[in-house]
Amino acid sequence: MSNKIKPTQDQINNALWNACDTFRGAFDSSEYKNYILVFMFIKYLSDVWKDHYNELKERYGDDSALIQRKLKRERFVLPENCSFDYIYEHRNDTDIGEKIDKIFAQIEERNIEKLDGVFRNISFNSDKLGQTKDRNRRLKNLINDFAKPELDFRPSLWEGKQDILGEAYMYLLEKFASGAGKKGGEFFTPKEVSGLLAKLVSPQEGDRIFDPTCGSGSLLIKVAEETKDAKGNPTNNFAIYGQESNGDTWALSKMNCFLHKMDSAQIEWCDTINNPKLKEGDALMKFDIVVANPPFSLDKWGHENAEADRYKRFLRGVPPKSKGDYAFILHMIETTLPTGKVGVIVPHGVLFRGSAEQKIRKKLIEENLLEAVIGLPTNLFYGTGIPAAILIFNKAKTTEDILFIDASKEFDDGKKQNVLRKQDIEKIVTTYEDFKTLEKYSSVVKPSEVAENDFNLNIPRYVDTFEEEEPVDIVAVQKNIEELEAELVEVRAEMNKHLKELGFE
(Lines give C-alpha, C1' and ligand atoms only; values in the text may rest on other atoms or scores of the structure.)
Protein backbone atom coordinates (compact mmCIF):
# COMPACT_ATOMS: atom_id res chain seq x y z
CA MET A 1 0.00 0.00 0.00
CA SER A 2 1.39 3.40 -0.94
CA ASN A 3 2.10 5.91 1.82
CA LYS A 4 0.07 8.40 -0.21
CA ILE A 5 -3.12 6.40 0.31
CA LYS A 6 -4.70 7.31 3.63
CA PRO A 7 -7.77 5.43 4.86
CA THR A 8 -10.64 7.60 6.05
CA GLN A 9 -12.54 6.99 9.26
CA ASP A 10 -15.55 5.68 7.32
CA GLN A 11 -13.38 3.30 5.26
CA ILE A 12 -11.80 1.87 8.40
CA ASN A 13 -15.16 1.55 10.16
CA ASN A 14 -16.83 -0.16 7.21
CA ALA A 15 -13.93 -2.58 6.66
CA LEU A 16 -13.98 -3.56 10.33
CA TRP A 17 -17.73 -4.12 10.31
CA ASN A 18 -17.49 -6.19 7.11
CA ALA A 19 -14.83 -8.35 8.78
CA CYS A 20 -17.56 -9.56 11.11
CA ASP A 21 -19.05 -11.51 8.18
CA THR A 22 -16.53 -14.23 9.03
CA PHE A 23 -18.54 -15.08 12.14
CA ARG A 24 -22.08 -13.96 11.34
CA GLY A 25 -24.43 -16.91 11.36
CA ALA A 26 -21.90 -19.14 13.10
CA PHE A 27 -22.46 -17.68 16.56
CA ASP A 28 -23.83 -14.62 18.31
CA SER A 29 -22.19 -11.18 18.14
CA SER A 30 -21.93 -11.13 21.94
CA GLU A 31 -19.41 -13.97 21.47
CA TYR A 32 -17.55 -12.98 18.31
CA LYS A 33 -17.15 -9.29 19.18
CA ASN A 34 -14.17 -10.20 21.36
CA TYR A 35 -12.40 -11.96 18.48
CA ILE A 36 -12.89 -8.97 16.17
CA LEU A 37 -11.77 -6.40 18.75
CA VAL A 38 -8.76 -8.42 19.88
CA PHE A 39 -7.70 -8.97 16.28
CA MET A 40 -8.03 -5.26 15.63
CA PHE A 41 -5.77 -4.72 18.63
CA ILE A 42 -2.99 -7.02 17.35
CA LYS A 43 -3.20 -5.35 13.92
CA TYR A 44 -2.83 -1.95 15.60
CA LEU A 45 0.18 -3.08 17.66
CA SER A 46 1.82 -4.61 14.59
CA ASP A 47 1.32 -1.62 12.32
CA VAL A 48 2.52 0.90 14.91
CA TRP A 49 5.58 -1.26 15.62
CA LYS A 50 6.31 -1.64 11.89
CA ASP A 51 5.95 2.10 11.34
CA HIS A 52 8.37 2.92 14.14
CA TYR A 53 10.83 0.29 12.94
CA ASN A 54 10.81 1.76 9.42
CA GLU A 55 11.40 5.25 10.82
CA LEU A 56 14.37 4.04 12.87
CA LYS A 57 15.69 2.02 9.94
CA GLU A 58 15.66 5.11 7.76
CA ARG A 59 17.42 7.10 10.46
CA TYR A 60 20.04 4.59 11.63
CA GLY A 61 20.48 2.36 8.59
CA ASP A 62 21.88 -1.12 9.33
CA ASP A 63 22.66 -0.47 13.01
CA SER A 64 20.22 -3.15 14.19
CA ALA A 65 21.49 -3.11 17.78
CA LEU A 66 20.70 0.61 18.10
CA ILE A 67 17.31 0.14 16.44
CA GLN A 68 16.39 -2.63 18.89
CA ARG A 69 17.46 -0.49 21.87
CA LYS A 70 15.26 2.34 20.60
CA LEU A 71 12.31 0.00 20.04
CA LYS A 72 12.53 -1.27 23.62
CA ARG A 73 11.70 2.28 24.78
CA GLU A 74 8.40 2.35 22.90
CA ARG A 75 4.98 2.31 24.60
CA PHE A 76 4.95 -1.46 24.13
CA VAL A 77 7.28 -4.22 22.92
CA LEU A 78 6.39 -6.60 20.11
CA PRO A 79 8.46 -9.79 20.40
CA GLU A 80 10.00 -11.38 17.33
CA ASN A 81 7.53 -13.33 15.15
CA CYS A 82 4.58 -11.84 17.04
CA SER A 83 3.31 -9.45 14.38
CA PHE A 84 0.25 -9.51 12.16
CA ASP A 85 2.60 -9.98 9.18
CA TYR A 86 3.83 -13.23 10.75
CA ILE A 87 0.23 -14.37 11.27
CA TYR A 88 -0.59 -13.50 7.65
CA GLU A 89 2.39 -15.51 6.37
CA HIS A 90 1.14 -18.54 8.31
CA ARG A 91 -2.57 -18.12 7.56
CA ASN A 92 -2.68 -21.48 5.75
CA ASP A 93 -1.07 -23.45 8.59
CA THR A 94 -3.26 -26.15 10.12
CA ASP A 95 -2.31 -24.95 13.61
CA ILE A 96 -2.89 -21.25 12.94
CA GLY A 97 -5.25 -20.91 15.93
CA GLU A 98 -2.62 -22.30 18.28
CA LYS A 99 0.03 -20.01 16.77
CA ILE A 100 -2.16 -16.94 17.36
CA ASP A 101 -2.75 -17.91 21.00
CA LYS A 102 1.00 -18.28 21.57
CA ILE A 103 1.64 -14.89 19.98
CA PHE A 104 -0.85 -13.18 22.31
CA ALA A 105 0.69 -14.93 25.31
CA GLN A 106 4.15 -13.62 24.35
CA ILE A 107 2.86 -10.09 23.79
CA GLU A 108 1.17 -10.08 27.18
CA GLU A 109 4.28 -11.44 28.89
CA ARG A 110 6.53 -8.77 27.37
CA ASN A 111 4.06 -5.97 28.26
CA ILE A 112 2.88 -7.31 31.60
CA GLU A 113 2.44 -3.92 33.30
CA LYS A 114 0.05 -2.60 30.65
CA LEU A 115 -1.54 -5.72 29.15
CA ASP A 116 -1.60 -8.22 32.00
CA GLY A 117 -4.62 -10.50 31.61
CA VAL A 118 -6.05 -8.76 28.56
CA PHE A 119 -6.01 -11.93 26.41
CA ARG A 120 -6.63 -14.54 29.09
CA ASN A 121 -10.33 -15.03 28.29
CA ILE A 122 -9.99 -15.58 24.56
CA SER A 123 -8.59 -18.40 22.46
CA PHE A 124 -8.31 -18.57 18.69
CA ASN A 125 -7.84 -22.31 19.01
CA SER A 126 -11.20 -22.78 20.70
CA ASP A 127 -14.02 -25.07 19.57
CA LYS A 128 -16.23 -21.95 19.71
CA LEU A 129 -14.83 -21.17 16.28
CA GLY A 130 -15.83 -24.61 14.98
CA GLN A 131 -14.03 -27.89 14.41
CA THR A 132 -10.47 -27.66 13.06
CA LYS A 133 -11.32 -27.36 9.36
CA ASP A 134 -14.08 -24.78 9.90
CA ARG A 135 -12.00 -22.91 12.47
CA ASN A 136 -9.02 -22.64 10.12
CA ARG A 137 -11.22 -21.41 7.29
CA ARG A 138 -12.77 -18.71 9.48
CA LEU A 139 -9.40 -17.60 10.82
CA LYS A 140 -7.97 -17.38 7.31
CA ASN A 141 -10.92 -15.23 6.22
CA LEU A 142 -10.43 -13.02 9.27
CA ILE A 143 -6.71 -12.63 8.59
CA ASN A 144 -7.38 -11.76 4.93
CA ASP A 145 -9.98 -9.18 5.99
CA PHE A 146 -7.49 -7.42 8.26
CA ALA A 147 -4.85 -7.47 5.51
CA LYS A 148 -6.99 -5.15 3.37
CA PRO A 149 -5.52 -1.70 2.59
CA GLU A 150 -8.34 0.04 4.48
CA LEU A 151 -7.12 -1.58 7.69
CA ASP A 152 -3.55 -0.35 7.46
CA PHE A 153 -3.18 1.26 10.89
CA ARG A 154 0.28 2.77 10.44
CA PRO A 155 0.27 6.21 12.16
CA SER A 156 2.23 7.70 9.23
CA LEU A 157 -0.94 7.39 7.13
CA TRP A 158 -3.17 9.36 9.44
CA GLU A 159 -1.86 12.91 9.03
CA GLY A 160 -1.63 13.40 12.78
CA LYS A 161 -5.16 12.19 13.49
CA GLN A 162 -4.06 9.86 16.26
CA ASP A 163 -7.56 9.07 17.56
CA ILE A 164 -8.74 7.38 14.34
CA LEU A 165 -8.19 3.91 15.82
CA GLY A 166 -9.84 4.85 19.10
CA GLU A 167 -12.83 6.12 17.14
CA ALA A 168 -12.96 2.89 15.13
CA TYR A 169 -12.89 0.85 18.32
CA MET A 170 -15.74 2.93 19.76
CA TYR A 171 -17.64 2.49 16.49
CA LEU A 172 -17.42 -1.29 16.75
CA LEU A 173 -18.41 -1.28 20.43
CA GLU A 174 -21.47 0.79 19.60
CA LYS A 175 -22.44 -1.46 16.68
CA PHE A 176 -22.09 -4.56 18.86
CA ALA A 177 -24.08 -2.94 21.66
CA SER A 178 -26.84 -1.99 19.22
CA GLY A 179 -27.24 -5.61 18.12
CA ALA A 180 -26.78 -7.26 21.49
CA GLY A 181 -30.29 -6.72 22.85
CA LYS A 182 -30.56 -6.44 26.61
CA LYS A 183 -26.85 -7.12 27.10
CA GLY A 184 -25.85 -4.19 24.89
CA GLY A 185 -26.24 -1.65 27.68
CA GLU A 186 -23.97 -3.66 29.96
CA PHE A 187 -20.79 -2.68 28.18
CA PHE A 188 -21.48 0.53 26.24
CA THR A 189 -23.06 3.89 27.03
CA PRO A 190 -24.28 5.77 23.92
CA LYS A 191 -21.69 8.40 22.96
CA GLU A 192 -24.18 11.26 23.14
CA VAL A 193 -25.09 10.39 26.74
CA SER A 194 -21.41 9.94 27.63
CA GLY A 195 -20.64 13.31 26.07
CA LEU A 196 -23.45 14.97 28.03
CA LEU A 197 -22.33 13.50 31.34
CA ALA A 198 -18.71 14.48 30.60
CA LYS A 199 -19.72 18.11 30.10
CA LEU A 200 -21.86 18.12 33.24
CA VAL A 201 -19.07 16.92 35.54
CA SER A 202 -16.50 19.11 33.71
CA PRO A 203 -13.18 17.51 34.75
CA GLN A 204 -10.25 19.85 35.33
CA GLU A 205 -6.51 19.54 34.83
CA GLY A 206 -4.92 17.13 37.31
CA ASP A 207 -8.20 15.40 38.24
CA ARG A 208 -8.46 11.74 39.16
CA ILE A 209 -11.44 10.30 37.26
CA PHE A 210 -13.16 7.04 38.26
CA ASP A 211 -15.90 4.80 36.87
CA PRO A 212 -16.82 1.95 39.26
CA THR A 213 -18.80 0.08 36.57
CA CYS A 214 -16.71 1.04 33.56
CA GLY A 215 -17.85 -1.61 31.06
CA SER A 216 -15.74 -1.25 27.92
CA GLY A 217 -14.49 2.15 29.08
CA SER A 218 -16.51 4.33 26.69
CA LEU A 219 -17.92 6.66 29.37
CA LEU A 220 -14.65 6.85 31.30
CA ILE A 221 -12.67 7.77 28.17
CA LYS A 222 -15.25 10.35 27.07
CA VAL A 223 -15.07 12.08 30.45
CA ALA A 224 -11.26 12.03 30.38
CA GLU A 225 -11.27 13.61 26.92
CA GLU A 226 -13.39 16.47 28.29
CA THR A 227 -10.65 17.50 30.76
CA LYS A 228 -9.67 21.17 30.42
CA ASP A 229 -6.79 23.25 31.79
CA ALA A 230 -7.16 26.61 33.56
CA LYS A 231 -7.55 28.39 30.20
CA GLY A 232 -10.26 26.00 29.00
CA ASN A 233 -8.02 24.11 26.58
CA PRO A 234 -7.96 20.29 26.29
CA THR A 235 -5.23 18.61 28.36
CA ASN A 236 -3.89 15.11 28.95
CA ASN A 237 -3.08 15.94 32.56
CA PHE A 238 -5.50 13.55 34.27
CA ALA A 239 -5.52 10.05 35.72
CA ILE A 240 -8.27 7.51 35.03
CA TYR A 241 -9.39 4.53 37.07
CA GLY A 242 -12.08 1.92 36.59
CA GLN A 243 -13.57 -1.28 37.96
CA GLU A 244 -15.49 -3.90 35.98
CA SER A 245 -16.87 -7.25 37.12
CA ASN A 246 -17.17 -8.96 33.70
CA GLY A 247 -13.79 -10.36 32.63
CA ASP A 248 -14.39 -10.11 28.89
CA THR A 249 -15.64 -6.53 29.17
CA TRP A 250 -12.76 -5.61 31.49
CA ALA A 251 -10.32 -6.75 28.76
CA LEU A 252 -12.15 -4.59 26.20
CA SER A 253 -11.81 -1.56 28.48
CA LYS A 254 -8.07 -2.13 28.88
CA MET A 255 -7.61 -2.28 25.11
CA ASN A 256 -9.90 0.72 24.63
CA CYS A 257 -7.78 2.84 26.97
CA PHE A 258 -4.60 1.66 25.24
CA LEU A 259 -5.92 2.57 21.79
CA HIS A 260 -6.81 6.05 23.13
CA LYS A 261 -3.21 6.52 24.34
CA MET A 262 -4.32 6.28 27.97
CA ASP A 263 -1.78 3.60 28.82
CA SER A 264 -1.55 4.50 32.50
CA ALA A 265 -5.24 3.83 33.12
CA GLN A 266 -5.74 1.59 36.14
CA ILE A 267 -8.66 -0.70 35.36
CA GLU A 268 -9.38 -3.43 37.91
CA TRP A 269 -11.32 -6.65 37.34
CA CYS A 270 -13.50 -6.93 40.43
CA ASP A 271 -16.95 -6.62 41.97
CA THR A 272 -17.23 -2.95 42.92
CA ILE A 273 -19.65 -3.47 45.78
CA ASN A 274 -18.34 -6.72 47.29
CA ASN A 275 -14.65 -6.62 46.43
CA PRO A 276 -13.40 -3.17 45.38
CA LYS A 277 -9.76 -3.21 44.31
CA LEU A 278 -8.98 0.51 44.11
CA LYS A 279 -7.78 1.25 47.62
CA GLU A 280 -5.19 3.33 49.45
CA GLY A 281 -4.15 1.39 52.51
CA ASP A 282 -7.30 -0.03 54.09
CA ALA A 283 -9.53 2.76 52.76
CA LEU A 284 -11.22 3.23 49.40
CA MET A 285 -9.31 5.43 46.96
CA LYS A 286 -10.78 8.94 46.56
CA PHE A 287 -11.35 10.78 43.29
CA ASP A 288 -12.19 14.24 41.95
CA ILE A 289 -14.74 13.00 39.42
CA VAL A 290 -16.79 9.81 39.72
CA VAL A 291 -19.14 8.79 36.89
CA ALA A 292 -21.06 5.63 36.09
CA ASN A 293 -23.86 4.00 34.16
CA PRO A 294 -24.45 1.13 36.61
CA PRO A 295 -26.68 -1.85 35.84
CA PHE A 296 -30.26 -0.73 36.41
CA SER A 297 -31.90 -2.14 39.56
CA LEU A 298 -29.43 -5.00 39.93
CA ASP A 299 -30.69 -8.00 41.89
CA LYS A 300 -28.35 -9.89 44.28
CA TRP A 301 -25.90 -7.00 44.48
CA GLY A 302 -24.55 -7.95 47.93
CA HIS A 303 -27.30 -6.93 50.35
CA GLU A 304 -26.34 -9.73 52.74
CA ASN A 305 -22.96 -8.12 53.45
CA ALA A 306 -23.96 -4.47 53.41
CA GLU A 307 -24.65 -3.89 57.11
CA ALA A 308 -21.17 -5.13 58.01
CA ASP A 309 -19.49 -3.22 55.16
CA ARG A 310 -15.91 -2.53 56.21
CA TYR A 311 -15.87 0.73 54.20
CA LYS A 312 -19.02 2.08 55.94
CA ARG A 313 -20.67 2.94 52.62
CA PHE A 314 -24.19 2.14 53.84
CA LEU A 315 -24.46 4.23 56.99
CA ARG A 316 -27.21 6.27 55.28
CA GLY A 317 -29.19 3.08 54.77
CA VAL A 318 -29.00 -0.33 53.10
CA PRO A 319 -30.61 -0.45 49.63
CA PRO A 320 -33.26 -3.09 48.89
CA LYS A 321 -32.03 -6.63 48.23
CA SER A 322 -33.42 -6.70 44.68
CA LYS A 323 -32.47 -3.16 43.62
CA GLY A 324 -28.81 -2.20 43.83
CA ASP A 325 -29.04 1.31 42.35
CA TYR A 326 -28.29 3.10 45.61
CA ALA A 327 -25.53 0.63 46.44
CA PHE A 328 -23.57 2.02 43.47
CA ILE A 329 -24.58 5.61 44.24
CA LEU A 330 -23.40 5.32 47.84
CA HIS A 331 -20.13 3.72 46.72
CA MET A 332 -19.58 6.61 44.31
CA ILE A 333 -20.22 9.24 46.97
CA GLU A 334 -17.93 7.46 49.41
CA THR A 335 -15.10 7.44 46.84
CA THR A 336 -15.40 11.16 46.03
CA LEU A 337 -13.09 13.78 47.51
CA PRO A 338 -14.60 16.63 49.62
CA THR A 339 -14.22 18.90 46.58
CA GLY A 340 -15.41 16.28 44.08
CA LYS A 341 -18.44 15.63 41.91
CA VAL A 342 -20.50 12.54 41.02
CA GLY A 343 -22.50 11.97 37.84
CA VAL A 344 -24.61 8.82 37.64
CA ILE A 345 -27.21 7.48 35.21
CA VAL A 346 -30.21 5.87 36.94
CA PRO A 347 -33.69 4.49 36.18
CA HIS A 348 -36.54 6.79 37.24
CA GLY A 349 -37.53 4.47 40.08
CA VAL A 350 -34.49 5.75 41.99
CA LEU A 351 -36.21 9.14 42.18
CA PHE A 352 -39.40 8.08 43.94
CA ARG A 353 -39.33 4.52 45.32
CA GLY A 354 -40.13 4.36 49.03
CA SER A 355 -38.87 2.50 52.13
CA ALA A 356 -35.07 2.17 52.33
CA GLU A 357 -34.47 4.19 49.17
CA GLN A 358 -36.59 7.08 50.48
CA LYS A 359 -34.51 7.15 53.68
CA ILE A 360 -31.28 7.25 51.67
CA ARG A 361 -32.60 10.10 49.48
CA LYS A 362 -33.56 11.99 52.64
CA LYS A 363 -30.03 11.68 54.03
CA LEU A 364 -28.37 12.74 50.77
CA ILE A 365 -30.59 15.82 50.49
CA GLU A 366 -30.21 16.78 54.14
CA GLU A 367 -26.43 16.58 53.71
CA ASN A 368 -26.80 18.95 50.73
CA LEU A 369 -25.08 16.58 48.32
CA LEU A 370 -27.67 16.42 45.54
CA GLU A 371 -27.19 19.22 43.02
CA ALA A 372 -29.24 18.29 39.95
CA VAL A 373 -31.83 15.82 38.64
CA ILE A 374 -32.00 15.61 34.85
CA GLY A 375 -34.71 13.61 33.09
CA LEU A 376 -33.68 12.11 29.73
CA PRO A 377 -35.80 10.92 26.78
CA THR A 378 -37.02 7.35 26.53
CA ASN A 379 -35.24 4.71 24.44
CA LEU A 380 -31.76 6.26 24.57
CA PHE A 381 -29.94 3.21 25.89
CA TYR A 382 -29.11 -0.15 24.34
CA GLY A 383 -31.22 -3.00 25.63
CA THR A 384 -33.91 -0.95 27.37
CA GLY A 385 -36.52 1.56 26.27
CA ILE A 386 -37.25 2.93 29.74
CA PRO A 387 -36.44 6.57 30.45
CA ALA A 388 -33.44 7.32 32.61
CA ALA A 389 -32.18 10.28 34.58
CA ILE A 390 -28.83 11.76 35.50
CA LEU A 391 -28.13 12.64 39.12
CA ILE A 392 -25.35 15.10 39.90
CA PHE A 393 -23.96 15.08 43.44
CA ASN A 394 -21.54 17.85 44.40
CA LYS A 395 -19.62 17.75 47.68
CA ALA A 396 -18.66 21.40 47.22
CA LYS A 397 -22.11 22.85 46.50
CA THR A 398 -22.42 26.63 46.87
CA THR A 399 -26.20 26.59 47.33
CA GLU A 400 -28.76 24.44 49.12
CA ASP A 401 -31.06 24.45 46.09
CA ILE A 402 -31.57 21.52 43.72
CA LEU A 403 -31.98 21.95 39.97
CA PHE A 404 -34.57 19.83 38.16
CA ILE A 405 -34.42 19.58 34.35
CA ASP A 406 -37.00 17.84 32.16
CA ALA A 407 -35.14 17.12 28.92
CA SER A 408 -37.37 14.19 28.03
CA LYS A 409 -39.08 15.79 25.04
CA GLU A 410 -36.10 17.08 23.08
CA PHE A 411 -34.29 14.45 20.95
CA ASP A 412 -33.96 12.97 17.48
CA ASP A 413 -36.34 10.08 16.85
CA GLY A 414 -34.04 7.35 15.51
CA LYS A 415 -35.02 4.08 13.85
CA LYS A 416 -33.85 1.75 16.62
CA GLN A 417 -33.39 4.21 19.45
CA ASN A 418 -33.63 7.90 20.18
CA VAL A 419 -30.57 10.17 20.08
CA LEU A 420 -29.67 13.37 21.87
CA ARG A 421 -28.83 16.08 19.34
CA LYS A 422 -26.05 18.62 19.77
CA GLN A 423 -28.56 21.37 20.60
CA ASP A 424 -30.26 19.13 23.18
CA ILE A 425 -26.96 18.51 24.96
CA GLU A 426 -26.00 22.19 24.84
CA LYS A 427 -29.36 23.24 26.33
CA ILE A 428 -29.03 20.79 29.23
CA VAL A 429 -25.44 21.83 29.97
CA THR A 430 -26.16 25.57 29.72
CA THR A 431 -29.20 25.26 32.00
CA TYR A 432 -27.14 23.30 34.53
CA GLU A 433 -24.26 25.77 34.44
CA ASP A 434 -26.60 28.77 34.75
CA PHE A 435 -28.60 26.95 37.43
CA LYS A 436 -31.81 28.69 36.45
CA THR A 437 -35.53 28.10 36.00
CA LEU A 438 -36.84 27.88 32.44
CA GLU A 439 -40.56 27.65 31.79
CA LYS A 440 -41.66 24.06 31.15
CA TYR A 441 -38.01 22.87 31.17
CA SER A 442 -36.24 23.43 34.49
CA SER A 443 -36.84 24.53 38.05
CA VAL A 444 -34.60 25.56 40.95
CA VAL A 445 -36.12 24.02 44.07
CA LYS A 446 -35.54 24.58 47.78
CA PRO A 447 -34.81 21.46 49.84
CA SER A 448 -37.79 22.35 52.03
CA GLU A 449 -40.10 21.82 49.05
CA VAL A 450 -38.54 18.41 48.42
CA ALA A 451 -39.04 17.57 52.10
CA GLU A 452 -42.71 18.56 51.81
CA ASN A 453 -42.96 15.98 49.01
CA ASP A 454 -41.52 13.28 51.30
CA PHE A 455 -38.19 13.47 49.42
CA ASN A 456 -39.80 12.31 46.21
CA LEU A 457 -37.63 13.51 43.31
CA ASN A 458 -40.07 12.70 40.51
CA ILE A 459 -39.40 15.50 38.04
CA PRO A 460 -43.04 16.40 37.11
CA ARG A 461 -43.57 17.43 40.77
CA TYR A 462 -41.17 20.31 40.22
CA VAL A 463 -41.18 21.06 36.47
CA ASP A 464 -44.64 21.81 35.06
CA THR A 465 -44.65 20.76 31.41
CA PHE A 466 -48.45 20.69 31.07
CA GLU A 467 -49.62 22.22 27.79
CA GLU A 468 -53.14 23.65 27.81
CA GLU A 469 -55.21 22.77 24.80
CA GLU A 470 -56.50 25.66 22.72
CA PRO A 471 -60.23 26.35 23.37
CA VAL A 472 -62.54 24.91 20.74
CA ASP A 473 -64.55 27.45 18.69
CA ILE A 474 -67.91 25.63 18.56
CA VAL A 475 -69.46 28.07 16.08
CA ALA A 476 -66.54 27.66 13.65
CA VAL A 477 -66.64 23.87 13.99
CA GLN A 478 -70.39 23.80 13.31
CA LYS A 479 -69.94 25.97 10.24
CA ASN A 480 -67.16 23.69 8.97
CA ILE A 481 -69.39 20.63 9.42
CA GLU A 482 -72.21 22.29 7.44
CA GLU A 483 -69.82 23.17 4.60
CA LEU A 484 -68.51 19.59 4.47
CA GLU A 485 -72.05 18.18 4.39
CA ALA A 486 -72.96 20.51 1.50
CA GLU A 487 -69.87 19.42 -0.43
CA LEU A 488 -70.79 15.78 0.22
CA VAL A 489 -74.24 16.33 -1.36
CA GLU A 490 -72.63 17.80 -4.46
CA VAL A 491 -70.12 14.93 -4.74
CA ARG A 492 -72.86 12.32 -4.44
CA ALA A 493 -74.95 14.06 -7.13
CA GLU A 494 -71.94 14.16 -9.48
CA MET A 495 -71.20 10.47 -8.80
CA ASN A 496 -74.80 9.47 -9.55
CA LYS A 497 -74.64 11.41 -12.82
CA HIS A 498 -71.55 9.52 -13.98
CA LEU A 499 -73.03 6.18 -12.94
CA LYS A 500 -76.15 6.91 -14.95
CA GLU A 501 -74.07 7.74 -18.05
CA LEU A 502 -72.32 4.39 -17.64
CA GLY A 503 -75.66 2.55 -17.60
CA PHE A 504 -75.91 2.02 -13.86
CA GLU A 505 -79.31 3.08 -12.59
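## A tour of the second largest pocket and the H2–H3 contact

Begin by selecting H2, which gives the lining of the second largest pocket its largest share, five residues. Keep in mind throughout that what you have open is a predicted model.

With H2 (29-60) still highlighted, add helix H3 (64-71) and helix H4 (84-89), since each of these three helices supplies at least two residues of the lining of the second largest pocket. The pocket that you are now looking into has a volume of about 420 Å³, and 18 residues line it. To find its centre, select Trp49, Pro79, Glu80, Asn81 and Ser83, which are the lining residues that lie nearest to that point. If you colour the lining of this second largest pocket by class, you should find eight nonpolar, four polar and six charged residues.

Next, hide H4 and turn to the packing of H2 against H3, where the two axes are 10 Å apart and the angle is about 140°. That angle makes H2 oblique to H3, because angles over 145 degrees would be needed to count as roughly antiparallel. The crossing of H2 and H3 is right-handed.

To display the contact itself, show the side chains of Trp49, His52, Tyr53, Leu56, Lys57 and Tyr60 on H2, and then those of Leu66, Ile67, Gln68, Lys70 and Leu71 on H3. Coloured by class, the residues of the contact of H2 with H3 divide into seven nonpolar, two polar and two charged.

Finish on Trp49, which belongs to the contact of H2 with H3 and is also one of the residues nearest the centre of the second largest pocket.

Definitions and conventions:
Residues are numbered from 1 along each chain as its sequence is written. This is a predicted model: local features need pLDDT of at least 70, side-chain atom pairs count only at pLDDT 80 or more; totals for chains, interfaces and linings use all residues. Side-chain values use heavy atoms; hydrogens and water are left out. On a 1 Å grid over the protein atoms alone, a cavity is a set of points where a 1.4 Å probe fits but cannot get out, and a pocket is an open set with protein on both sides within 12 Å along at least five of seven lines; lining residues have an atom within 4 Å of a point. Grid points are joined across faces, edges and corners, and a volume is the space filled by probe spheres set on the points. Helices (H or I, at least four residues) and strands (E, at least two) are DSSP runs, numbered from the N terminus. Ala, Val, Leu, Ile, Met, Phe, Trp, Tyr, Cys and Pro count as nonpolar, Asp, Glu, Lys and Arg as charged, and the others, Gly among them, as polar. Axes are lines fitted to C-alpha atoms, for helices over the stretch in contact, and angles run from 0 to 180 degrees between N-to-C directions. Angles under 35 degrees count as roughly parallel, over 145 as roughly antiparallel, 65 to 115 as roughly perpendicular and the rest as oblique. A crossing is left-handed if the near helix is turned anticlockwise from the far one by less than a right angle, and right-handed if clockwise. Contact means heavy atoms within 4.5 Å.
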